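Biologist: I would like to go through this model with you and ask how each label is earned. Could you show it to me first?

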Amino acid sequence: MAPTSTMTVIAITEPGGPEVLAEATRPIPTPGPRDLLIEVHAAGVNRPDALQRLGAYPPPPGAPDWPGLEVAGIVTACGAETSRFTPGDRVMALLPGGGYGEACVVAEGNALPIPQGLSMVEAAAVPETFFTVWHNVFERGRLERGETFLVHGGASGIGTTAIQLGRVFGATVLATVGSEEKCEAVRALGATTAINYRDSDFVEAALAATKGRGVDLILDMVGGDYLNRNLQVAAEDGRIVQIAFLKGAHCEIDASLLMRKRLTLTGSTLRNRPVEVKAALARGLETNVWPFLASGAARPVIEAVYPLAQAAEAHRHLDRDHVGKIVLTMPCAE
């Protein structure tokens, strides 16, 4: 990193559309005793960033006020109490905010080494989705080999990750998407059943695919009326994990289905969790998932890459049909 005390970031000038994102200058942060300073080469663009831009998802206390939940780059400085990484190491990291900038500070436990063979752009597309999927699908959802797994929003960053990890861990994966092109994309990633929700009822399609049994685990980011339909399609003793609610957070449910089928309905958010919780997730990922990234059995799906200065256009792309992740690159990587 050039010897300067300031850096360029993408700030939110006021709540609103992509046009409110603008370049700004901020001091380069100073790492605390247990932190790393990272020269950012690439940063992932995620739906929570757009919510923050709209004023609907503020950063947690102490986090930078500019968006960005995941980065990849080079360690340039280490706090006195860090022990694993040293300057020059290639890392990716999960952040509470502040990824849209030329540098960031992160707790050492929330950073991970970049597996051999992954580019900086690919690595920047990993943390937010892989942390989310690992926690919700495998820890909360308890997905096991041989089970059936329904992924809503299968073409999203979360969806493409969940499909691949479900496949490599031995589940039969079903996915809902909004076009025939996306059906082809999710099949290529490992979904054995792709359901176009625009011309099919996913309840009927999933029940047909499972010969009426239903699915063991459902990962849902849609919400609204999907919740009752998830209850209908879940198998006995099935689990439903809610991670977002694009169609709304409120609905009436048929609790008798929950009871008769002995279903588990749960959900989570990640951004506000303590760094210690995220560090435990990082250890689980490195042990269980990193070998699949290193071998190429699982890979982040990249839809588009934009330079940092075009963050507004990246957010416009996020609102259009896409498959996988959108990534920003920093001037140092150009």
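Modeller: Happy to. Let me start with a definition: buried means under 20% relative accessible area, exposed over 50%, and partly exposed in between, with a 1.4 Å probe and protein chains only. Helices (H or I, at least four residues) and strands (E, at least two) are DSSP runs, numbered from the N terminus. This is a predicted model, in which local features need pLDDT of at least 70 and side-chain atom pairs count only at pLDDT 80 or more, while totals for chains, interfaces and linings use all residues. Residues are numbered from 1 along each chain as its sequence is written, and side-chain values use heavy atoms, leaving out hydrogens and water.

Biologist: What makes H3 mostly covered?

Modeller: Of its 14 residues, 12 are buried. Among them are Phe130, Phe131, Trp134 and Phe138. Just after H3, Arg142 takes a positive phi of about 55°.

Biologist: What does H3 pack on?

Modeller: First, the sheet: 6 strands in the order E10-E9-E8-E11-E12-E13, open, with parallel pairing. Two strands pair if DSSP finds at least two bridges between them. E12 and E13 have 4 bridges, in the parallel sense; one of the bridge partnerships joins Arg239 to Thr264 in E13. Helix H3 packs on this sheet, touching E8, E11, E12 and E13, and its direction makes about 155° with that of E11. Helix H5 packs on the sheet too, touching E9 and E10. Contact here means heavy atoms within 4.5 Å, and angles run from 0 to 180 degrees between N-to-C directions, with axes fitted to C-alpha atoms, for helices over the stretch in contact.

Biologist: Why are E10 and E13 said to stand at the edges?

Modeller: Each has a single partner strand, so one side of each is left without a neighbour in the sheet.

Biologist: How do you know that Cys104 is in no disulfide?

Modeller: A disulfide is a pair of cysteine sulfur atoms within 2.5 Å. The nearest cysteine sulfur to that of Cys104 belongs to Cys332, 11 Å away, so Cys104 is in no disulfide. The structure holds 0 disulfides.

Biologist: Why is Cys104 called buried, and what is Cys251 called?

Modeller: Cys104 has 3% relative accessibility, so it counts as buried. Cys251, at 37%, counts as partly exposed.

Biologist: What makes Lys325 and Glu70 a salt bridge?

Modeller: The rule asks for a side-chain nitrogen of Lys or Arg within 4 Å of a carboxyl oxygen of Asp or Glu. The closest N and O atoms of Lys325 and Glu70 are 2.5 Å apart, so the pair qualifies. Lys325 lies in strand E15 and Glu70 in strand E4, 255 residues apart. Lys325 is buried at 4%, and Glu70 is buried at 0%. By this rule the count comes to 14 salt bridges.

Biologist: How do you know that Asp321 and Lys182 form one as well?

Modeller: Their closest N and O atoms are 3.3 Å apart, so they also meet the rule. Asp321 is exposed, with a relative accessible area of 57%, whereas Lys182 is buried, with 14%.

Biologist: What do Asp237 and Arg262 tie together?

Modeller: Their salt bridge, at 3.0 Å from N to O, ties together parts 25 residues apart in sequence, because Asp237 lies in E12 and Arg262 in the loop between H8 and E13. Asp237 is partly exposed at 40%, and Arg262 is partly exposed at 43%. Glu236, Asp237 and Arg262 are linked in a network of salt bridges.
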